[in-house]
Amino acid sequence: MTRLASNAVTAALVLAIAGAALAAPPAAPPAPPAAIHAAPAASAPGARAILKMALDAPRLIDYEGTKIITALRNGQMETVTVAESHKRPNLLRLEYLSPEDVAGRVIVDDGTVAQHYEPALNMLFEDRSIQDTTGGATLTLLSRNYEIVLLGTDEVIGRQAYVLSLTPHGTGVQRQLWVDRLTGTVLRSEDRDAARGLVLSTYFSRISFSLNLPEAYFRYRPPAGARVVSLQTVAAGTLDPAQLQQQVGFPVLVPPALPEGYTFRGGAVSRFGSLVSAYLRYSDGGNIISFFEAPAGSIGWPTIGLPVRVQSQPGRFIDLGYFRVLIWEQRGLRITAVGTAPSDTLMLVAGQLVAGREQALVSDVSRRGAADPALVRQLRSQGLTFPEIERTLAISRALGTSVDTTVRFVHGALSVTDLAAQLRMQPDVLRAAIRRAVDTASMTPALSTSAPSSVPAGSPAP
Amino acid sequence: MNHHRAGRLLSAYVDGELTAAEAREVQEHLLDCAACREAHDGLRGTRDLLAGLPPADPPAQFWAAIRQPVLRGAAAAAPDIQPDRLGDRVRFAWHDLTRSPRRWFVVRRPGWALAAVVLVLALAALPLVKGTVDRLHATEIGVDLYVHDHAVQMGAAPLVDRAYVGLVAGDAELVIAGENPRTSGGSRR
Amino acid sequence: MAIMAPREAVRPPSYTTEELARYDGIVQRYARHVYNIAYRMTGNEADARDLSQEAFLRVYRALRRVQPGAPLESWLYRIVSNLYIDLLRRRPRARVESLDAPIDTPRGEMVREFPDAAANPEAVFERRHIDAAIQEALSVLSQELRMVVVLSDVEGFAYEEIAAILRVPLGTVKSRLHRARQVLQMRLRPYVDARRRGWQP
C-alpha cells in the first residue's frame with residue numbers, strides 16, 4: 001500500500017464519519033417547557049452534581065410507585081403502566097399492570113439475577129440482571145460525551161425536580177431527566193431522536209419514599225407447576241475481541257470507527273442452542289451499540305425488516321421503535337448491530353466494517369502515530385477504534401504516560417482528576433495538555449466529527 | 001485448508017454443520033478464493049430457493065382416506081357413540097387442520113434444526129413442556145435473541161429506564177421460548 | 001392407487017377412543033409434512049397421496065407400539081422413504097442412469113452441465129414458475145440425493161436427524177447433500193441468480 005493510498009483510506013474513513021455527523025440534523029437543545037423555572041443562578045447545584053445525585057440515588061433511597069411508560073413500538077406509541085419498587089442498594093421489583101397482554105408480568109431483580117414471571121403461561125424466566133453493574137466510569141463518559149445542562153426546576157406530582165438535559169456531542173438520543181430535588185430519584189424522563197422526536201417517555205404518577213419494604217418482596221416464588229427457563233444467554237464477565245475470537249473459533253471483527261464518544265465496554269459470548277455469537281458492546285456512557293457476530297450459515301434472515309445494501313452486501317434494517325437493528329453479511333459472517341443510534345449512523349459503521357481496510361488502516365495509523373504496527377494491532381484486539389488509537393498514541397507521547405494507562409483514560413476508566421493525581425499535575429493544566437496533544441496530532445479532523453463546539457472524547461469535560 | 005477439501009465442505013458450511021475449527025478453516029479459505037466464494041453463494045442461494053418452496057397442499061381425498069380408519073375404528077370401538085356426532089368432532093379437527101397451514105415442527109434452516117433440537121432437549125430437562133421445535137424458528141429468533149441481549153446490557157447505561165428495559169427484554173424472552181409475542185402496540189409478524 | 005395394499009384388506013384393530021384420539025393427534029401433527037415430503041419426492045399428487053396414505057395406514061396398524069408423546073419424525077419419514085423406494089422398484093422408470101451420477105472421464109469425475117432451465121427471462125420472477133422448475137430439478141436427482149435434499153432444504157432437518165431418519169452415516173448425508181445441491185444449482189442457476197440480485201420470492 002503506498003503512502004498516498006493509505007492516506008486516502010484514512011481520509012475516506014474520516015470523511016465518512018464526519019459526513020455522517022454533519023448530515024445528522026443537529027440535536028437542538030430542547031427549549032425549556034413553559035412551566036420550568038429558569039435555574040436560580042447562585043443557589044442551585046451544578047448540572048454535574050445533580051447528575052451525580054441521580055446516579056447515586058439508587059444506592060441511598062428506597063421507593064415504591066406507579067410509573068407510566070410511553071414508548072415507540074412498531075410505529076405506534078404504546079403506553080404501559082408498571083408498579084416499580086426499589087430497595088437499596090440494588091433490589092428491584094417491576095409488576096406490569098397494563099395493557100392487558102402484559103398485565104401480571106413480574107420482574108424481580110437482585111442485581112445479579114433477574115426473574116421474569118409470565119402468569120398467562122405460568123413460566124418463569126431466569127436472566128441476567130438488568131441493573132447497572134459498571135459503576136464509576138459512567139459519569140466520566142457521560143460528562144465527556146454529553147452536553148449536560150441544567151434547564152431549571154419543575155414540579156412533578158407535587159415534588160420539586162431539577163430538569164437536566166443530556167445532549168450527545170455525537171449522534172444519538174437526546175435525554176431529559178426530572179431529578180427529584182430531595183432524593184435524586186428520576187421522576188420523569190424523555191428520550192428524543194433527531195428523526196422521530198419523542199421515542200420514550202416515563203413518569204411516576206405516584207411515588208412514596210423511605211418505606212421499609214421487606215426483602216421477601218424482592219424474591220419471587222413462582223406458583224406450583226411453573227416452568228422455569230434459564231435465558232442467561234450472555235456469559236458474565238468481559239472479554240476483549242482477541243479472547244472472544246479464541247472462544248468462538250471464528251474471526252471477530254472490530255469496528256474501525258464509531259460515532260464520537262462510543263468506546264469498547266467489553267465483549268462476551270452469547271449462546272443460544274448451537275448458535276454461538278461474539279458480542280461486542282460499545283458505550284458512550286448514556287447509550288450502547290451492540291455488535292453480534294456469528295458464522296453466516298448459523299442463522300437465517302429475519303422475515304421482517306427492510307432489505308438494504310451495505311456496501312453492496314445484502315442486509316436488513318429493522319426499526320423496532322426505540323431500538324434499531326441492522327443485519328448484514330460479510331466474508332462468511334453475519335453481523336447484527338443493535339442500538340438507538342440513527343439508521344444512517346448504523347449504516348455508516350457497518351459500511352466501515354464491510355470495507356475491511358484493516359491492514360491499510362493499521363499501517364497508516366502506526367506510521368502517522370510513529371508506533372509499531374504490532375502495537376496498533378494489539379490495541380485493535382483490545383477493541384479500540386482507529387480514532388481512539390490515534391488519540392491514545394498522541395496523548396501517551398505528549399504526556400509520557402504508558403499505553404495501558406492512556407487506554408484506560410481513553411476508555412473512561414480514568415477521569416482527568418484521576419490521571420492528574422497520578423501525574424501530580426493540576427487537572428486544568430492536564431486538561432489543556434491533552435487538548436493540545438489531540439489538537440496537534442495529525443488526525444485532528446478525525447476527532448472533530450460533530451458540531452464545532454463539541455469536545456472530543458478522550459479530552460476532558462470542562 | 002486446500003481448495004478441494006474446502007469445496008467439499010462448503011455445503012455443510014452453509015448449513016452451519018461444521019465444527020468450529022472446520023468452519024474457521026473454510027472461512028479463511030473463502031477470504032482468499034474467489035471461486036469458492038462464488039460456489040458458496042451459489043450453494044446458499046440454491047438452499048434458500050428450495051427453502052422457499054411452499055408446502056404442497058394435500059387434496060381433500062387424502063384427508064378423507066387417512067380419516068377412514070379413525071371413523072371405522074371409532075365406530076367399532078365405541079358403538080354407543082352416535083356416528084354423526086363423532087363425525088362432527090372429527091370434522092372439526094380436520095377443519096382446523098386444513099384451514100391453517102401451520103408449520104408444525106419444521107425449522108427451515110438445517111443448522112437451526114439441530115440448535116432447536118439441542119435447545120428443546122435442554123428445555124425439556126428444565127422442564128419446558130411447550131417445546132415444539134416449530135416455534136424455534138431461527139429467522140424469527142435471531143433478532144429477538146440479540147435485542148434481548150442488548151436490552152439486558154442496557155443496564156450498563158444507568159439512565160435508561162429499567163422498567164422499559166424489563167418490558168423489552170421480557171417480550172423478547174417470550175418469543176425466544178417459543179411463545180407468541182405480545183400483539184398490542186402494532187403487530188410485528 | 002393400485003400399487004398399495006387394497007383398502008379392503010385392512011382389518012382395523014379395535015382401538016379404544018383414547019387410542020383413536022392419539023392417532024388423531026399424530027395425523028394432525030405430521031400429515032401435512034408427510035404429504036409434502038411425499039409430493040416433493042414423487043413430483044405428482046397421485047403418488048404423493050398413495051405414499052402418505054400408506055404411511056399413515058402403517059402408523060395406524062402400529063399404534064399400540066407407539067409410545068404416547070414420543071417424537072415420530074424419524075420413524076414416519078423412514079416409512080415414507082422406504083415406501084418410495086418400494087414404489088420405484090415396482091414401477092421402474094425408463095430412465096436408468098441418474099443425471100446426477102458423475103461421469104467418469106480420464107481427468108477424474110465430472111458433473112454434467114445443464115442448459116439454462118428458463119428460456120423466458122421474466123419467468124425467474126414467477127413463483128409458480130420457480131416451484132415448477134424446482135420440482136423438475138428435483139426429479140432429475142437420484143432417489144438417495146433427492147431424499148436428503150428434501151429433508152434438509154425443503155423440510156429443514158439437521159444433518160444428524162437426516163442420518164437418523166435414513167439410517168446412513170453423517171458423512172454420507174454431507175456428501176449426498178453437497179452433490180445434490182451442485183446439481184440443483186446448475187439447473188436452477190437463473191433462479192438463484194435472480195435471488196442473488198436482490199429479488200425475493
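## A tour through chains C, B and A

Begin by selecting chain C of this predicted model, where the order of elements along the sequence reads α-α-α-β-β-α-α-α-α-α. Colouring by secondary structure should therefore show eight helices and two strands in chain C, given that these elements are taken as DSSP runs. If you then colour by burial, 41% of the 201 residues of chain C count as buried. Turning to contacts within chain C, and taking those between residues at least 6 apart in sequence, 72% join residues at least 24 apart.

Next, hide chain C and display chains A and B together, with the residues of their contact selected. To this contact chain A gives 78 residues, while chain B gives 65 residues. On the side of chain B that touches chain A, at least two residues each are supplied by helix H1 (3-14), helix H2 (20-32), helix H6 (110-124), helix H7 (138-153) and helix H8 (162-176) of chain B. Which helix should be selected for the largest share of that side? H7(B) is the one, with 13 residues. Colouring the side of chain B that touches chain A by residue class gives 37 nonpolar, 15 polar and 13 charged residues.

Staying with chain B, select H1(B) and H2(B) as a pair. Two packed helices are described by the angle between their axes and the distance between the axes. For H1(B) and H2(B), the angle is about 115° and the axes are 10 Å apart, and H1(B) passes H2(B) in a left-handed crossing. Show side chains to see the contact itself, to which H1(B) brings B:Ala6, B:Leu9, B:Leu10 and B:Tyr13, and H2(B) brings B:Glu22, B:Ala23, B:Val26 and B:His29. By class, the residues of this contact between H1(B) and H2(B) comprise six nonpolar, one polar and one charged.

The last stop is in chain A, where strand S2 (residues 76-87) and strand S3 (residues 91-98) run antiparallel and are joined by seven bridges. Follow the chain from S2(A) into S3(A), and you pass through a hairpin of three residues. Selecting A:Lys87 will bring you to A:Leu91, which stands opposite in S3(A). From S3(A), move on to strand S4 (residues 106-109) of chain A, which runs antiparallel to S3(A) and is joined to S3(A) by four bridges. Which residue of S4(A) is the bridge partner of A:Arg93? Select A:Val108, which takes that position in S4(A).

Definitions and conventions. Residues numbered from 1 in each chain as written. Chains lettered and ligands numbered in written order. Predicted model: local features only at pLDDT ≥ 70, side-chain atom pairs only at ≥ 80, totals over all residues. Buried ≥ 20, exposed ≤ 12 C-beta atoms within 10 Å, placed from the backbone. Contact = placed C-beta atoms within 7 Å. Nonpolar A, V, L, I, M, F, W, Y, C, P; charged D, E, K, R; others polar. Axes fitted to C-alpha atoms, helices over the stretch in contact; angles between N-to-C directions. Left-handed = near helix turned anticlockwise from the far one by under 90°. Pairing = 2+ DSSP bridges.
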